[in-house]
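Let's take a walk through this structure together, one stop at a time. Keep the view open beside the text, and turn it as you read.

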Amino acid sequence: MKRFLSFLIAMLIFPLPLYAENNTAKEVWGGFGKRDNVYSCADTDEKVIALTFDDGPHRKYTDEILDILKQYEIKATFFVIGKNAETYPDKLKRISDEGHEIGNHTYSHITAEKTGKSNFKSELEKTHGIIKRITGKEPVLFRPPTGYCNTLAVKSATEMDYKIIMWTVDTKDWAHSSKESIEKTVRSHVCGGSIILFHDYITAPSPTPNALSKIIPELLEEGYRFVTVSELLSYDCE
Ligand SMILES: [Zn+2]
């Protein structure tokens with residue numbers, strides 16, 4: 001009886017079924033939600049997700065990641081830094097040629113917190129031009145460096161007709177988390193509509209390629225489909 005009363009009290013304090021019901025991508029991670037042209041997930045019950053890779057292209061890891069994506073025939077989205085795209089144009093071209101989406105991540109990974117409007121806008125425009133020149137395609141997505149998404153970042157990107165893309169799940173690969181930890185983070189937070197944050201540019205050694213080799217086949221087995229961010233947002237039912 002005492003145990004039953006404790007259970008009743010616990011249910012009043014922690015209404016678990018309600019929490020589980022609301023436990024969609026929107027509420028799970030980061031608390032960004034969707035607002036004014038800023039997206040952290042798609043509102044869908046279908047098992048579609050988007051892998052995203054920031055800060056590249058990288059001399060070594062971009063190719064390793066592209067090889068894995070090719071092996072499983074899945075598409076992803078790369079938010080590139082203009083400076084790195086200039087350094088590794090062949091890798092940027094490969095990303096595009098293999099059907100992945102490319103988004104703008106500023107020219108020098110500058111945050112809107114640390115710069116004025118004209119400088120921030122010119123970082124976006126410069127990178128836009130580099131992507132267009134190398135791939136022949138105009139990017140339509142922007143991800144703010146470090147996720148610093150203030151009014152200046154939103155306004156500047158929106159003026160250029162970009163959608164601003166945050167994420168649902170931060171794998172923390174940037175902190176050199178272990179392959180096991182990355183896998184656990186993804187598996188405990190992923191659901192239909194999730195945008196998952198990885199990096200193809202990390203100081204060595206990167207755990208990302210190994211983690212992907214483990215996670216992708218597992219999620220495919222569970223029925224998830226991997227799409228680009230623009231495709232994912234087309235599933236949004238709002
Ligand atoms: Zn970044």
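Our tour starts at serine 230, which sits in helix 11, residues 229-233. Helices here are DSSP runs of H or I with at least four residues, strands are DSSP runs of E with at least two, and both are numbered from the N terminus. Before going on, please note that this is a predicted model, in which local features need pLDDT of at least 70 and side-chain atom pairs count only at pLDDT 80 or more, while totals for chains, interfaces and linings use all residues. Residues are numbered from 1 along each chain as its sequence is written.

Is serine 230 buried or exposed? It counts as partly exposed, because it has 15 C-beta neighbours inside 10 Å. The scale works like this: a residue is buried if 20 or more other C-beta atoms lie within 10 Å of its own, exposed if 12 or fewer, and partly exposed in between, with C-beta atoms placed from the backbone. Leaving out residues up to four places away in sequence, serine 230 touches Glu101, Val140 and Leu141; a contact means that the C-beta atoms of two residues, placed from the backbone, lie within 7 Å. Leucine 141 is 89 residues away from serine 230 along the chain, yet their C-alpha atoms are separated by 8.0 Å.

Now step back to the whole chain. It has eleven helices and nine strands, and of its 238 residues, 42% count as buried. Among the contacts in the chain with a separation of 6 or more, 79% are between residues 24 or more positions apart.

Next, find strand 8, residues 195-199. Five of its five residues are buried. On one side are Ile195, Leu197 and His199, on the other Ile196 and Phe198, and both faces are covered. Which strands pair with strand 8? Strand 2, residues 48-54, runs parallel to it and is joined to it by five bridges, and strand 7, residues 169-170, also runs parallel to strand 8, with two bridges. Strands count as paired if DSSP finds at least two bridges between them. You can check individual partners: alanine 50 stands opposite isoleucine 195, and aspartate 170 has leucine 197 as its bridge partner.

Strand 7 and strand 8 also belong to a right-handed β-α-β unit, together with helix 9, residues 179-189. Right-handed means that, with the strands pointing away from the viewer, the path from the first strand over the helix to the second runs clockwise.

Two residues of strand 8 turn up again in the largest nonpolar core, which has 59 residues: Ile195 and Ile196 are listed with Ala50, Val80, Ala85 and Ile165 as those that touch the most other members. A nonpolar core is a set of buried Ala, Val, Leu, Ile, Met, Phe, Trp, Tyr and Cys residues joined through C-beta atoms within 7 Å. Beyond its neighbours within four places in sequence, isoleucine 165 is in contact with residues including Tyr39, Leu141, Phe142 and Ile195.

Helix 10 comes next. Its 14 residues reach 20 Å from the first C-alpha to the last, close to the 20 Å expected at 1.5 Å a residue; the expected span is 1.5 Å times one less than the number of residues. Which residues of helix 10 are buried? They are Thr208, Ala211, Leu212, Ile215, Ile216 and Leu219. An α-helix has 3.6 residues a turn, so residues three or four places apart point the same way. The cover over the buried residues of helix 10 includes helix 4, helix 9 and strand 8. After helix 10 comes glycine 223, with a positive phi near 95°.

Some loops hold backbone details to look for. Glycine 56 and proline 57 are joined by a cis peptide bond with omega about -5°, and proline 57 lies in the loop between strand 2 and helix 4. Another cis peptide bond runs from alanine 204 to proline 205, with omega near -5°; proline 205 is in the loop between strand 8 and helix 10.

Last, visit lysine 172, in the loop between strand 7 and helix 9. Its phi is positive, about 60°, although lysine 172 is not a glycine. With 16 C-beta neighbours inside 10 Å, lysine 172 counts as partly exposed.
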